[in-house]
Amino acid sequence: MQPGRFFSDLSATPCGSVAFRALAVPQQALATLSCLQNYPGLTSVNLVHNRLATLEALSALPDLVTLDVRSNLLRGSLNFVSPSGSKLREANMCGNRLCDSLQGIGAHPQLQSLRVDGNCLASLEGVASTPH
């Protein structure tokens with residue numbers, strides 16, 4: 001990915017280096033997120049209108065706070081957690097292919113806002129496990 005085109009919001013890290021904090025890659029036909037492991041400082045990710053089927057690669061982003069993955073091909077819910085825990089507070093998953101439930105959402109205890117309209121959810125199981 002080209003840093004100047006898709007990344008923004010540079011800031012210093014605790015160890016003195018510089019990290020990108022925001023990524024916006026809408027409508028690029030992305031099917032994989034493997035390159036995100038090179039940008040662990042991201043706090044905001046916008047991947048609207050791509051071809052993503054899974055979010056597992058986001059586990060490489062320990063500081064992720066805001067996620068927008070509207071209009072992709074997602075079948076699983078928030079099926080990722082950083083080894084150091086989740087800081088995710090906002091997630092927009094509207095217009096995907098979520099059908100079963102929202103299991104796994106309990107792994108994101110700081111989640112305050114979750115949008116899932118435009119999916120075929122049969123159950124809201126998992127939502128009760130979030131503290132907010």
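I count a contact when heavy atoms lie within 4.5 Å. The model I am reading is predicted.

**Entry: the core**

I started with the largest nonpolar core, which has 26 residues. Leu47, Leu55, Leu58, Leu67 and Leu78 touch the most other members. I picked Leu47 to follow further. Beyond four places in sequence, Leu47 touches Leu23, Val25, Leu30, Leu33 and Leu52. Asp68, Val69, Arg70 and Asn72 are also on the list for Leu47.

**Entry: Asn72**

Where does Asn72 sit? I find Asn72 in the loop between strand E4 (66–68) and strand E5 (90–92). Is Asn72 buried or exposed? Its relative accessible area is 4%, so I log Asn72 as buried.

Next I looked up the polar partners of its side chain. A polar atom of the Asn72 side chain lies 2.9 Å from the backbone oxygen of Leu47. The Asn72 side chain also reaches the backbone nitrogen of Asn50, at 3.2 Å.

Then I listed contacts, setting aside neighbours within four places in sequence. Asn72 is in contact with Leu47, Val48, His49, Asn50, Arg51 and Leu52. Gly95 and Asn96 complete the list for Asn72.

**Entry: cysteines**

How many disulfides does the structure hold? I find 0. Cys99 is in no disulfide. The nearest cysteine sulfur to Cys99 belongs to Cys120, 4.4 Å away. A disulfide needs the sulfur atoms within 2.5 Å, so I do not count a pair at 4.4 Å.

I checked accessibility too. Cys99 has a relative accessible area of 31%, so I note Cys99 as partly exposed. Cys94 has 8%, so I note Cys94 as buried.

Conventions:
Residues numbered from 1 in each chain as written. Predicted model: local features only at pLDDT ≥ 70, side-chain atom pairs only at ≥ 80, totals over all residues. Heavy atoms only, no water. Core = buried A, V, L, I, M, F, W, Y, C linked by side-chain atoms within 4.5 Å. Buried < 20%, exposed > 50% of the residue type's maximum accessible area, 1.4 Å probe, protein only. Helix = DSSP H or I, 4+ residues; strand = E, 2+ residues; numbered from the N terminus. Polar contact = N/O pair within 3.5 Å; in protein donor to acceptor, adjacent residues only side chain to side chain.
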